[in-house]
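Open the model in your viewer and keep the selection tool at hand. The stops below say what to select and what is there.

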Amino acid sequence: MGNINPSLLHVGSTLGAVFMALMVIFIRLKASARPVTIRKIWIPPLGMSTGFAMFVVPEVRFPWWWAVAAFLVGWFIFAYPLIRSTKFEAREGLIYARRSKSFAFILLGLLLIRTVLHEFINQYVSIPQSGGLFFILAFGMILHWRVFMYKRYIRMVPPHAHTPEPGTDNII
């Protein structure tokens, strides 16, 4: 296989990001019909953390301070709209995520901002490096959002519910 055209790679990654955003919207809308659990809060960032394996490849690497800056932008800026749009409600003794009418627009807005930033950053770094930077930005965003969700969830769940009876999977 020869080298892949960078323009084709860029279009493919943008379409992939749009597809992923639509999938997240769909999954989030369906998830609001099921109770929130600690496991459901932590699985996305844990699963996403496997993406750090990309930094084994030398072409993806960049200075540490770039990684710290990308993580902090995700943590403090990109997570904020997700945190603001996430509300929980107690129903029948369980905690549910309340549907947010703005969530889909927020996610698409973040995707648009990410795409514009990607265009700008691609002028200064390679495509693999920009992919790594945006992965770290997204990880910072998701991690902050999920930490917020976990704290809110823990405040809403009665203390005895944090330790399920053996053989049950009702909370964790």
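Start with F26, which sits in helix 1, residues 6-31. Bear in mind that this is a predicted model. Is F26 buried or exposed? F26 is partly exposed, because its relative accessible area is 48%, which falls between the 20% and 50% cut-offs.

Keep F26 selected and add F19, M20, M23 and I27. Together these five residues make a nonpolar surface patch of about 520 Å².

Next, go to the largest pocket, which holds about 1,300 Å³ of space. Helix 1, helix 2 (38-48), helix 3 (64-85), helix 4 (103-121) and helix 5 (127-156) each give two or more residues to its lining. To find the centre of this pocket, select M20, V24, L107, M141 and I142, the nearest to it among the 40 lining residues. M20 is thus a stop on both the patch and the pocket lining. Now colour helix 5: with twelve residues, helix 5 provides the largest share of the lining. Colouring the lining by class shows 29 nonpolar, six polar and five charged residues.

Last, turn to the second largest pocket, with a volume of about 260 Å³. Here the elements that supply two or more lining residues are helix 3, helix 4 and helix 5. Select W66, A69, A70, I121 and L133, which lie nearest the centre of this pocket out of 13 lining residues. Which helix gives the largest share of this lining? That is helix 3, with five residues. Colour by class once more: the lining has 13 nonpolar residues, no polar and no charged ones.

How values were computed. Residues are numbered from 1 along each chain as its sequence is written. This is a predicted model: local features need pLDDT of at least 70, side-chain atom pairs count only at pLDDT 80 or more; totals for chains, interfaces and linings use all residues. Side-chain values use heavy atoms; hydrogens and water are left out. Patches are made of residues with over 30% relative accessible area and no salt bridge: like charges are joined within 9 Å, nonpolar side chains (Val, Leu, Ile, Met, Phe, Trp, Tyr) within 5 Å. Accessible areas come from the Shrake-Rupley method with a 1.4 Å probe; for residues, only the protein chains shown count as cover. A salt bridge is a side-chain nitrogen of Lys or Arg within 4 Å of a carboxyl oxygen of Asp or Glu. Helices (H or I, at least four residues) and strands (E, at least two) are DSSP runs, numbered from the N terminus. Buried means under 20% relative accessible area, exposed over 50%, partly exposed in between (1.4 Å probe, protein chains only). On a 1 Å grid over the protein atoms alone, a cavity is a set of points where a 1.4 Å probe fits but cannot get out, and a pocket is an open set with protein on both sides within 12 Å along at least five of seven lines; lining residues have an atom within 4 Å of a point. Grid points are joined across faces, edges and corners, and a volume is the space filled by probe spheres set on the points. Ala, Val, Leu, Ile, Met, Phe, Trp, Tyr, Cys and Pro count as nonpolar, Asp, Glu, Lys and Arg as charged, and the others, Gly among them, as polar.
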